[in-house]
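Visitor: Could you take one part of this model and look at it closely with me, explaining each term as you go?

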Amino acid sequence: MLSTILACLALAQGPVLGVESDRFTLDGRPVFMLGISYYGALAIEDEAVVAGDLDEMKQCGFNWVRVWATWNAFENNVSAVAPDGSERAPYLARLRRLCELAGRRGMAVDVTVTRGEDPDFPSTQAELAAVMETLARELKPYRNMYFDVGNERNVGDARHVPMEDVGRLIALVKGIDPERLCTASQGGDIGDEEAAEYLKVGRVDFLAPHRGRYAGSPSETAEQTRHYFSLMEGGRRVPVLYQEPFRRGYDDWQPSAADFRTDLEQARSSGAAGWCFHNGSVRGGVSDGRPRRSFDLRTAEGRLFDQFDAEERAFLEWLREHAR
């Protein structure tokens, strides 16, 4: 095991992200993954802006970011790879840049892919496989990232990826890059039978449920974590990563700074391996989605941290104090 880690360190660009039982590791050291949504980051042209964002994230204690390799929001397609697997310039280069800049700061990167009806997204298993093959090859030097091969793969619309296909996609990636961590995320909490299928059929390296977006959700997270681990008793034990919890602007319930803090503390105290500060555009209304936060990071919309509202900034200030 030690020789494998040392070999990876010698060749790696950025810290080596790994898994030991139900924890993540960076360069072999156990770490709690504290993340932030950075979905549309490939829209950012100026490297200095990306570097500044990552520096501010580090000040808050964040050590991973979630970016999408297939992203088309507000009529701005910044997908790194086309459905046929071909590179989309300059966005694939920007994805490599993000992995490199994050790695310099000891941070990990979640690279997410989704199926969809949008003609710029992969819509079939063959197209999704073509996208994943390109990403697996192009990002192989960066040891600080993992793949979500199917965002909310259980949802019964164009996003749906059958569990057997999840297994095939992960096998494809690992055929190119055997040590690459992979998962497929779940829209909502994962049911008991589904959890077993993720491990046995999908062969994911960790579970990535998207918790509920309702007022009682933060106070339920610890119990939900313990339940996932109870399902793994006697079998393969993997990390539980709360990759996409609730956010502001999504629905009638607007979580407060205290709600974000409660959810994070419950995740950490119950043994979850990580948690993400999720953020995105405002749904409905007449604001054209503004503030769009991580969903639209073009210069005209402003930097990510400039788009946060008062409650989000209060939570971030609490994180800064905690990080100190």
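**A strand and its neighbours**

Guide: Strand 4 (residues 33-37) and strand 5 pair in the parallel sense, over 3 bridges. From strand 4 the chain crosses through helix 2 (residues 47-60) to strand 5, and this β-α-β crossover is right-handed, a word used when, with the strands pointing away from the viewer, the path from the first strand over the helix to the second runs clockwise. This is a predicted model, in which local features need pLDDT of at least 70 and side-chain atom pairs count only at pLDDT 80 or more, while totals for chains, interfaces and linings use all residues. Residues are numbered from 1 along each chain as its sequence is written, and side-chain values use heavy atoms, with hydrogens and water left out.

Helices (H or I, at least four residues) and strands (E, at least two) are DSSP runs numbered from the N terminus, and two strands are said to pair if DSSP finds at least two bridges between them. Within the pairing of strands 4 and 5, I36 stands opposite V65 in strand 5. The residue V65 also stands opposite V109 in strand 6, and strand 6 (residues 108-112) runs parallel to strand 5, joined to it by 5 bridges. Here too the connection passes through a helix, since strand 5, helix 3 (residues 91-104) and strand 6 make a right-handed β-α-β unit.

Turning to its surroundings, 5 of the 5 residues of strand 5 (residues 64-68) are buried, so this strand is largely enclosed by the rest of the structure; buried means under 20% relative accessible area, against over 50% for exposed and in between for partly exposed, with a 1.4 Å probe and protein chains only. Both faces of strand 5 are covered, because W64, R66 and W68 on one side and V65 and V67 on the other are all buried.

To place strand 5 in its wider setting, picture an open sheet of 7 strands with parallel pairing, in the order 8-7-6-5-4-12-11. At the edges stand strand 8 (182-183) and strand 11, each with a single partner strand, so one side of each is left without a neighbour in the sheet. For strand 8 that partner is strand 7 (residues 145-148), and these two pair in the parallel sense over 2 bridges, with D148 standing opposite T183 in strand 8.
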